[in-house]
Amino acid sequence: MLTVTDLHTAYGDSRVLFGVDLHVGAGEVATLLGRNGMGKTTTIHSIFGLIPVQKGAVSLGGIRLSGTPSHRRAAAGLGLVPEGRQVFPTLTVHENLVATARPESGGWTSERIYDLFPGLAARRDNFGNQLSGGEQQMLAIGRALMTNPRLLVLDEATEGLAPLIRQTIWDCLSLLKSQGQSILVIDKNVDALTRIADRHHVLEKGKVVWQGTNAAFLAANDIRERYLHL
């Protein structure tokens, strides 16, 4: 589904990514793990064309996206739930959902989103800035799903959320996986990720230092201790 090869990215003279390789198969849930400041969000922004890259290739379903603007990548099937949620504050819940929707026969609709997150249905006429953090995160996921993405990408999926809301998000991702949705997720909750993920990538100082299956990751105590624990 998603293939990233030898990705190099810099902010001015400051290099951040040093040849990142990453893969998400069709119907897989994959993770991008690492401590703060290791380049995870920069990797996501590079994949989406939100920042220029120096070198490397990004393809989705065999379609090369390198060098194309971000809106072309979205049209190709990349859907982003950004860090910090970034819902439209002066649009209602319903307007947020339909503002960037990409309708598809048999795909996601606002009513399906309300079925997925019943709390949003009760708040459909509230503005984005009137929602709690958890409600905004559910809205951000719903907004991304309304583009009917081939790959759903979540940057810090549950950061700063209450435990009950975090569980709601994990349950949502499990359901999406059961429906065949390809997902790439960044999150610090490794235990929760290992319950739903098929593949993991560990990032350290802009390089993928380990990648493998969930079973291999669970067995790699040294990797988790060296690169993920503070």
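# Briefing on a predicted model

Glu-204 is buried, with 17% relative accessible area, because a residue counts as buried when that value is under 20%. The structure is a predicted model. It contains an open sheet of 4 strands and an open sheet of 6 strands. The points below cover Glu-204, the two sheets, two residues with a positive phi, and two pockets.

**Surroundings of Glu-204**

- Glu-204 belongs to strand E9, which covers residues 199-204.
- Leaving aside residues up to four places away in sequence, Glu-204 touches Arg-35, Met-38, Val-209 and Tyr-227.
- Between Glu-204 and Met-38 the C-alpha to C-alpha distance is 5.3 Å, although 166 residues separate the two in sequence.
- Arg-35, one of the contacts of Glu-204, is also among the residues nearest the centre of the second largest pocket.

**The sheet of 4 strands**

- The strand order in this open sheet is E2-E1-E4-E5, and the pairing is antiparallel.
- Strand E2 (14-24) and strand E5 (63-64) are the edge strands; each has a single partner strand, so one side of each has no neighbour in the sheet.
- E1 and strand E4 (residues 55-60) run antiparallel and are joined by 5 bridges.
- Within this pair, His-8 stands opposite Lys-55 of E4.
- Helix H1 packs on the sheet and touches E1, E2 and E4, with its direction at about 110° to that of E1.

**The sheet of 6 strands**

- This open sheet has mixed pairing and the order E6-E7-E8-E3-E9-E10.
- E6 and strand E10 (207-213) form the edges, each pairing on one side only.
- On average, neighbouring strands of this sheet are turned by 15° against each other, direction ignored.
- E7 and strand E8 (residues 182-186) run parallel, with 5 bridges joining them.
- Leu-151 has Ser-182 in E8 as its bridge partner.
- Helix H6 lies across E6 and E7 and runs at about 170° to E6.

**Residues with a positive phi**

- Most residues other than glycine have a negative phi.
- Asp-6 is not a glycine, yet its phi is positive, at about 50°.
- Asp-6 lies in strand E1, residues 2-11, and counts as partly exposed because its relative accessibility is 26%.
- Glu-156 likewise has a positive phi without being a glycine, here about 55°.
- Glu-156 is placed in the loop between strand E7 (151-155) and helix H7 (163-178).
- With a relative accessibility of 8%, Glu-156 counts as buried.

**The largest pocket**

- The largest pocket holds about 450 Å³ of space.
- Its lining has 20 residues, with Phe-48, Gly-79, Leu-80, Pro-82 and Arg-143 lying nearest the centre.
- Two or more lining residues come from each of helix H1 (40-47), helix H2 (70-76), strand E6 (78-81) and helix H6 (133-145).
- By class, the lining of the largest pocket comprises 9 nonpolar, 8 polar and 3 charged residues.
- H1, which packs on the sheet of E1, E2 and E4, and H6, which lies across E6 and E7, are both among the elements that give two or more residues to this lining.

**The second largest pocket**

- About 260 Å³ of space lies in the second largest pocket.
- This pocket is lined by 14 residues, and those nearest its centre are Gly-34, Arg-35, Lys-188, Val-190 and Leu-228.
- The lining of the second largest pocket divides into 6 nonpolar, 3 polar and 5 charged residues.

Conventions. Residues are numbered from 1 along each chain as its sequence is written. This is a predicted model: local features need pLDDT of at least 70, side-chain atom pairs count only at pLDDT 80 or more; totals for chains, interfaces and linings use all residues. Side-chain values use heavy atoms; hydrogens and water are left out. Buried means under 20% relative accessible area, exposed over 50%, partly exposed in between (1.4 Å probe, protein chains only). On a 1 Å grid over the protein atoms alone, a cavity is a set of points where a 1.4 Å probe fits but cannot get out, and a pocket is an open set with protein on both sides within 12 Å along at least five of seven lines; lining residues have an atom within 4 Å of a point. Grid points are joined across faces, edges and corners, and a volume is the space filled by probe spheres set on the points. Ala, Val, Leu, Ile, Met, Phe, Trp, Tyr, Cys and Pro count as nonpolar, Asp, Glu, Lys and Arg as charged, and the others, Gly among them, as polar. Contact means heavy atoms within 4.5 Å. Two strands pair if DSSP finds at least two bridges between them. Axes are lines fitted to C-alpha atoms, for helices over the stretch in contact, and angles run from 0 to 180 degrees between N-to-C directions.
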